[in-house]
Amino acid sequence: MAEALGRVLVVDDDEVIRQLIAVNLTLEGFDVATAVDGQDCLDKVTAIDPDVITLDVMMPRLDGWVTAGQLRRNPQTSQIRVVLITARAQEDDKSRGREIGVDAYLTKPFDPGEMIRVVRELAAKVPGNQAAEDPAGGRPDPA
């Protein structure tokens with residue numbers, strides 16, 4: 001088996017969306033773990049040690065805004081790349097994401113090919129992650 005492109009933690013309270021993201025990333029060659037909400041993410045993140053986290057905003061217990069903020073404030077997790085994937089598409093929401101320090105913002109419904117491209121680019125920026133090079137991807141999007 002080829003070396004994984006990187007490790008991704010997929011965080012979404014909607015099981016269908018969580019599995020859609022996880023399957024697409026797994027098929028692309030990423031090592032994927034999942035969490036059901038922000039608190040589950042924070043509970044698992046240091047053990048999983050992901051290169052990238054895809055994070056929904058609207059979730060029970062701990063929403064994506066608070067989760068992203070806590071990830072950024074914790075020295076152990078502050079360098080993990082974070083992609084918000086959310087139905088919240090207002091400019092104020094995108095600005096809030098930038099203020100928190102997220103690395104990318106995708107709105108639902110999202111194009112799986114675009115999501116893969118964004119995750120690839122972010123994983124390629126992780127120091128020592130040689131398997132994720134060529135993030136612009138000479139490969140076509142999966143059908």
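**A parallel sheet and its buried salt-bridge network**

Within strand S4, Val-82 serves as the bridge partner of Ile-53. This pair is a convenient way into the predicted model described here, since the chain crosses from S3 through helix H3 (residues 64-73) to S4. That β-α-β crossover is right-handed. Strands S3 and S4 run parallel and are joined by four bridges.

Stepping back to the whole chain, five helices and five strands are found. Read from the N terminus, the elements follow the order β-α-β-α-β-α-β-α-β-α. Of the 143 residues in the protein chain, 46% are buried. Contacts across the sequence are well represented: among those between residues at least 6 apart, 60% join residues at least 24 apart. The exposed area of the protein chain is about 7500 Å², with carbon and sulfur atoms supplying 49% of it.

The five strands form an open sheet in the order S2-S1-S3-S4-S5, and the pairing is parallel. Strands S2 and S5 (104-107) are the edge strands, each pairing on one side only. On average, neighbouring strands of this sheet are turned by 20° against each other, direction ignored. As general background, strands of a sheet pair through backbone hydrogen bonds, either parallel or antiparallel.

The individual pairings can be followed across the sheet. Strands S1 and S3 run parallel and are joined by four bridges, and Val-8 stands opposite Val-52 in S3. On the way to the S5 edge, strand S4 (residues 81-86) pairs with S5 in the parallel sense, again over four bridges. Here Leu-84 stands opposite Tyr-105 in S5. Helix H5 (residues 112-124) packs on the sheet and touches strand S1 (7-11), S3, S4 and S5. The direction of helix H5 makes about 170° with that of S5.

Strand S3 deserves a closer look. In a regular strand the side chains alternate between the two faces of the sheet. Both faces of S3 are covered: Val-52 and Thr-54 are buried on one side, and Ile-53 and Leu-55 are buried on the other. Thr-54 lies in this strand, which spans residues 52-55. With a relative accessible area of 1%, Thr-54 falls under the 20% limit and is therefore buried. Leaving aside neighbours within four places in sequence, Thr-54 is in contact with Val-8, Leu-9, Val-10, Val-11, Ile-21, Val-83, Ile-85 and Val-119. Thr-54 and Arg-81 are 27 residues apart in sequence, with a C-alpha to C-alpha distance of 8.6 Å.

Val-36 offers a useful counterpoint. This residue is found in the loop between strand S2 (31-35) and helix H2 (38-48). Val-36 has 39% relative accessibility, a value between the 20% and 50% limits, so this residue counts as partly exposed. Beyond neighbours within four places in sequence, Val-36 is in contact with Asp-12, Asp-13, Arg-18 and Met-59. From Val-36 to Arg-61 the separation is 25 residues in sequence and 10.0 Å in space, C-alpha to C-alpha.

Turning to charged side chains, the model contains 10 salt bridges. In one of them, the side chains of Lys-108 and Asp-12 meet at 2.9 Å, N to O. Lys-108 sits in the loop between S5 and H5, and Asp-12 in the loop between S1 and helix H1 (15-28), so this pair links distant parts of the chain, 96 residues apart. Lys-108 and Asp-12 are both buried.

A further salt bridge brings together the side chains of Glu-28 and Arg-120 (3.1 Å, N to O). Because Glu-28 lies in helix H1 and Arg-120 in helix H5, the pair ties together parts that are 92 residues apart in sequence. Glu-28 counts as buried at 10% relative accessibility, and Arg-120 is buried with a relative accessible area of 9%.

Lys-108 also forms a salt bridge with Asp-56 (3.3 Å, N to O). This pair links the loop between S5 and H5, where Lys-108 is found, with the loop between S3 and H3, which holds Asp-56. The two residues are 52 residues apart, and both Lys-108 and Asp-56 are buried. Through shared partners, salt bridges join Asp-12, Asp-56 and Lys-108 into one network.

How values were computed. Residues numbered from 1 in each chain as written. Predicted model: local features only at pLDDT ≥ 70, side-chain atom pairs only at ≥ 80, totals over all residues. Heavy atoms only, no water. Buried < 20%, exposed > 50% of the residue type's maximum accessible area, 1.4 Å probe, protein only. Contact = heavy atoms within 4.5 Å. Areas by Shrake-Rupley, 256 points an atom, 1.4 Å probe, with all protein chains shown as cover. Pairing = 2+ DSSP bridges. Axes fitted to C-alpha atoms, helices over the stretch in contact; angles between N-to-C directions. Right-handed = clockwise from strand over helix to strand, strands pointing away. Salt bridge = Lys/Arg side-chain N within 4 Å of Asp/Glu carboxyl O.
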